[in-house]
Amino acid sequence: MIYGHGDDIYRYNNIKFNFSSNVQPGGMSAGLMAYLKEKIADCSSYPEPKANDLERLIESKNNLPKGSVLVTNGAVEAFYLVAAWKRKHRSLIFIPSFSEYEDACCLNNHTLEFKSNAEFSKTDFNPYDLVWICNPNNPDGKIYKPNELKNNIKRYTNTFFIIDEAYIDFIKQDISLLNLVHECKNLMIIRSLTKRFSIPGLRLGYIMAAPDVISELEKGIIPWRINLLAQKAGLYCLSNEHSDNFNLNGMLEESERLQKEINKVKGFSVKPSDTTFFLVKSQSKASEMKNILAEKYGILIRDASNFKGLSENHFRISSQFPEQNNELIKALKEWN
């Protein structure tokens, strides 16, 4: 899906408050911005063909053996690489979830099946070659229990589990399956650096898996996929990740407040979430709401009606700072 995602701010004029993209509020840190300004002149030369320095740093920080990481052009490239690697295989996707799993599988002629994420606990995974799971899940913030995931990964060894942990930094619970990468060759973890560090425009993600799996995926890549500034940003972010005032507790408290306040507004129903983004169901069509909020209030929301399994009345909100959230609450009350 080329179009239809969040953060389509380019479609509108004068957006003041962007609730459509699940990234850290406030934008890129001042430190990173200053660092990248210093590195712009380096763009006169080619970057590393495969971002080796960044891959080695990620392996070191996560105690992974050499060859366990592949840096990608955003997490999305990772999904397409995996789908191409397992071309014409059978995939199961739990919904609602990120549309690019389905699109990557369709492009590579997978046999696709969909199940509600509420059915996870009672699913037999034997029939499937690949299972795609987002944890915490986009768009509803659902959290899959790590022990349940672990048990299934170890039980169904002929099924490959792709766990998208793009939003792992935005929850308090320790649900990552990173410690299983060492022992489970049917597990792959995909992460994004763009959410935590507010750099979606640089497109930067990575895959963690067994070295022989990474070696297979590398057969499908082209040189210089990761631009020089993205590589420099990744090295900077992971070397300075505790210096950018990332306030998870504050963000989660504000998300909880926003959810409660929206739920009080007549005509809107919030699906509770333990992370910074959540679903809202409106009595009006989400597409109409999105356009009017953008044009009248300068507020951008994520129309979630194109997530498989959701209705035309669903939209997604990513909590911002209190002042911005208050503007959204005010606009929804006026809408009502």
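Of the 336 residues in the protein chain, 53% count as buried, and I should say at once that this is a predicted model, so please hear every value that follows as computed from the predicted coordinates. The accessible surface of the protein chain comes to about 15,300 Å², and carbon and sulfur atoms account for 47% of that area.

Let me stay with the chain as a whole for a moment. The protein chain holds ten helices and 13 strands. Its radius of gyration is 20 Å, close to the 20 Å that the globule rule gives for 336 residues, so the chain is as compact as a globular protein of that length. If you prefer to think in terms of extents, the C-alpha trace spans about 55 × 55 × 35 Å along its principal axes. Turning to contacts, and taking those between residues at least 6 apart in sequence, 72% of them join residues that are at least 24 apart. As for charge, there are 42 positive and 40 negative charges in the protein chain, and their mean positions are 2 Å apart.

Now to the sheet that I would like to look at in detail. In which order do the strands of the open four-stranded sheet run? The order is 9-10-13-12, and the pairing is antiparallel. Strand 9 and strand 12, the latter covering residues 302–303, are the edge strands, each of them pairing on one side only. As a general reminder, strands of a sheet pair through backbone hydrogen bonds, in either a parallel or an antiparallel manner.

Within this sheet, let us follow strand 10, which covers residues 277–282 and is mostly covered, with five of its six residues buried. On one side, strand 10 is joined by four bridges to strand 9, residues 268–271, and the two run antiparallel; they form a hairpin with five residues between them. Looking at individual partners in that pair, V270 is bridged to V280 of strand 10, while F268 has S282 of strand 10 as its bridge partner. Strand 10 is also joined to strand 13, residues 314–318, through five bridges, again in an antiparallel arrangement, and here K281 stands opposite H314 of strand 13.

One residue of strand 10 deserves a closer look, namely F277. Is F277 buried or exposed? F277 has a relative accessibility of 0%, and therefore counts as buried. Leaving aside residues up to four places away in sequence, F277 touches N22, N137, N138, P139, D140, G141, Y167, S255, R316, I317 and S318. For a separate pair, F277 and Q259 are 18 residues apart in sequence, and their C-alpha atoms are 9.2 Å apart in space.

Finally, I would like to turn to strand 8, residues 205–208, both faces of which are covered. On one side G205 and I207 are buried, and on the other side Y206 and M208 are buried as well. What are the pairings of strand 8 with strand 2 and strand 7? Strand 2, residues 69–72, is joined to strand 8 by four bridges and runs antiparallel to it, with L70 having I207 as its bridge partner in strand 8. Strand 7, residues 187–192, is likewise joined to strand 8 by four bridges in an antiparallel fashion, and in that pair R191 stands opposite Y206 of strand 8.

Technical notes: Residues are numbered from 1 along each chain as its sequence is written. This is a predicted model: local features need pLDDT of at least 70, side-chain atom pairs count only at pLDDT 80 or more; totals for chains, interfaces and linings use all residues. Side-chain values use heavy atoms; hydrogens and water are left out. The radius of gyration is taken over C-alpha atoms; the globule rule is 2.2 Å times the number of residues to the power 0.38. Buried means under 20% relative accessible area, exposed over 50%, partly exposed in between (1.4 Å probe, protein chains only). Contact means heavy atoms within 4.5 Å. Accessible areas come from the Shrake-Rupley method with a 1.4 Å probe; for residues, only the protein chains shown count as cover. Lys and Arg count as positive and Asp and Glu as negative; His and the chain ends are not counted. The place of a charge is taken as NZ of Lys, CZ of Arg, CG of Asp or CD of Glu. Two strands pair if DSSP finds at least two bridges between them.
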